[in-house]
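I sat down with this one to look at its ligands, its metal and its charged pairs. My notes are below, in the order I looked things up.

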Amino acid sequence: MFWFTIFLFNSVDSISTIDFACERETLYSVVPKSDAHVRFLRELNLKNETLDFWLLTTLIEHEVHIKVPAEQDLRFQTELLAQGLKPVVKSSRLSSCINSVLQKRATKYVPVESLDFTRRYLSYNDIDRYIDYIGRKYSQIVTVSTIGSSFEKRPLRTVTITRDKSNKKAILIDAGIHAREWLAPTSALYVISQLVQHGDANGDLLNNLTWIILPLVNPDGYEYSLTRDRYWRKNRHPFRRCVGTDGNRNFDYHWGEQGASRNECRPTYSGPKPFSEPESRAVRNLMLSNNQTVKFYLTLHSYGRYLLYPWGYRKGLPKTWRYMDAVARAGSDAMKLSHNVKYTVGGAGKILYEASGGSDDYALAVARIPISIIMELPADERGFHPAEEMIRSLVEEAFSGIRAMALKMMQLNL
Ligand code: 0X9
Ligand code: ZN
């Protein structure tokens, strides 16, 4: 471990000094070949607190990605080899430290009309400025609302897009509950831009549908991951020993059961009680106050190219899974056609792992939104932060899937 001292210039031009540890870490890829391998990896995830599973599925022959700190490296390799698993180094130069070029770019002032989130990752402030701008410039079809605030008091803002106020069905999209999944808020912004700035090409999506979009559920975590620790996942609520709750373990449906940690130092900490966090409460209120019209809840995450539906807290499926499967398959077919990519479709608990307290399960079971889907967007070899040159094609791909899912949902009698 080595220590860096970083000088940050904040907006009032004073200088603050922050010391933090830059861990040297390795990202491994492992491919389970049997059920025993899958079980072993799942148990390793539950028992070893220092490993960070970036990609974990229960499917044989599907890659699993694990970030391993330097001091654990030898033990990790030995344990896996003993099971007949061959860990392959995907990246040996990972560091949670922020790349200063990226940081400077994210904080550089750019006039709002020129902000281009398809070419670089935006800071929280820039996302907020863009939302404001869209609200002002397209006020005939866009309403911007503040639906709550984050733990550190950043406003949580939705963009509602509707052409016809008497609209019947609505789609609710949120993104960025997990801080480090930068492509998720970026894709939500891209959906907004396509609908409002390219409304002519997307008339079919606006005619009979209202879009309610919350592009950044966890702004405190997002900003922290952009400026301090790029692999930060949770929000920034401080507890006695560690910081942060995993928002996607904090919803009150089978809260605190499988796949959610009670340890506040773990990336999947469920929080001290259901809805202990302002961000998950804001999403809940948004679902409940619109549940008469919202027929489709789509939550954007990364990574792995998955379209998944409940249940997440267990392996089984709800009675209505076929509707969600049809919508998800429309999305994966469209992306296969437009970008020749393969999305895996199925139940979240079955395909990934069981994890309770997720927003997707809550949407279906409690808010009674009939179609609830989690979209795990793609990565490149850098994992959560694809190269900026890749952003455009990745968000275009995502939009082609989202457009097809919205159209499919409209055909269903929900
Ligand atoms: O673990 C999660 O929260 C999601 N994966 S991620 O890599 N983006 O963290 C998957 C959640 C699936 N849904 C539920 N388990 N409810
Ligand atoms: Zn996520």
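These entries go from the ligand to the zinc, then to the salt bridges and one helix residue.

**Entry 1: ligand 1**

I kept in mind that this is a predicted model. I started by asking which residues come nearest to ligand 1. I found 17 residues around ligand 1, and the nearest are Arg 233, Arg 249, Tyr 353, Asp 360 and Glu 376. I sorted the shell by type and got five nonpolar, six polar and six charged residues.

Next I looked up where the shell comes from. Strand E11 (294–302), helix H11 (359–365) and strand E14 (371–377) each give at least two residues to the shell around ligand 1.

Then I went through some polar contacts. The side chain of Glu 376 puts an N or O atom 2.8 Å from a nitrogen atom of ligand 1. The side chain of His 301 has an N or O atom 3.1 Å from a nitrogen atom of ligand 1. Ser 302 uses its backbone instead, with an N or O atom 3.4 Å from a ligand 1 nitrogen. I also checked how much of the ligand is covered: alone, ligand 1 exposes 420 Å², and the protein buries 97% of that.

**Entry 2: the zinc ion**

Which atoms coordinate the zinc ion (ligand 2)? I noted ND1 of His 178, OE of Glu 181 listed twice, and ND1 of His 301, at 2.0 to 2.3 Å. Along the chain these donors have the spacing H-x2-E-x119-H. Glu 181 sits in the loop between strand E9 (169–175) and helix H5 (183–197), while His 301 is in strand E11, so this pair ties together parts 120 residues apart in sequence. I looked up their accessibility too: Glu 181 and His 301 are both buried.

His 301 is now in my notes twice, as a zinc donor and as a side-chain contact of ligand 1.

**Entry 3: salt bridges**

Side chains of opposite charge can pair when their charged atoms come close. I got a count of 19 salt bridges and picked a few to look at.

Glu 152 pairs with Arg 154, with 2.9 Å between the closest N and O atoms. Are these two buried or exposed? Neither label fits: Glu 152 is partly exposed because its relative accessibility is 40%, and Arg 154 is partly exposed at 22%. The cut-offs are under 20% for buried and over 50% for exposed.

Arg 249 turned up again here. Its side chain meets that of Asp 246 in a salt bridge at 3.8 Å, N to O. Both Arg 249 and Asp 246 are buried.

I then took Glu 354 and Lys 315, whose closest N and O atoms are 3.8 Å apart in a salt bridge. Glu 354 lies in the loop between helix H10 (348–351) and H11, and Lys 315 in the loop between strand E12 (306–309) and helix H9 (321–339), so the pair links distant parts of the chain, 39 residues apart. Glu 354 is buried at 14% relative accessible area, whereas Lys 315 is partly exposed at 35%. Through shared partners, salt bridges join Arg 42, Lys 315 and Glu 354 into one network.

**Entry 4: Ala 328**

Last, I looked up a residue of helix H9, Ala 328. Ala 328 counts as buried because its relative accessible area is 0%. I also took a distance to Gln 72: the two residues are 256 apart along the chain, and their C-alpha atoms are separated by 39 Å.

Definitions and conventions. Residues numbered from 1 in each chain as written. Chains lettered and ligands numbered in written order. Predicted model: local features only at pLDDT ≥ 70, side-chain atom pairs only at ≥ 80, totals over all residues. Heavy atoms only, no water. Near = heavy atom within 4 Å. Polar contact = N/O pair within 3.5 Å; in protein donor to acceptor, adjacent residues only side chain to side chain. Areas by Shrake-Rupley, 256 points an atom, 1.4 Å probe, with all protein chains shown as cover. Helix = DSSP H or I, 4+ residues; strand = E, 2+ residues; numbered from the N terminus. Nonpolar A, V, L, I, M, F, W, Y, C, P; charged D, E, K, R; others polar. Salt bridge = Lys/Arg side-chain N within 4 Å of Asp/Glu carboxyl O. Buried < 20%, exposed > 50% of the residue type's maximum accessible area, 1.4 Å probe, protein only. Donors = N, O, S within 2.8 Å, 3.2 Å for Na, K, Ca; no water.
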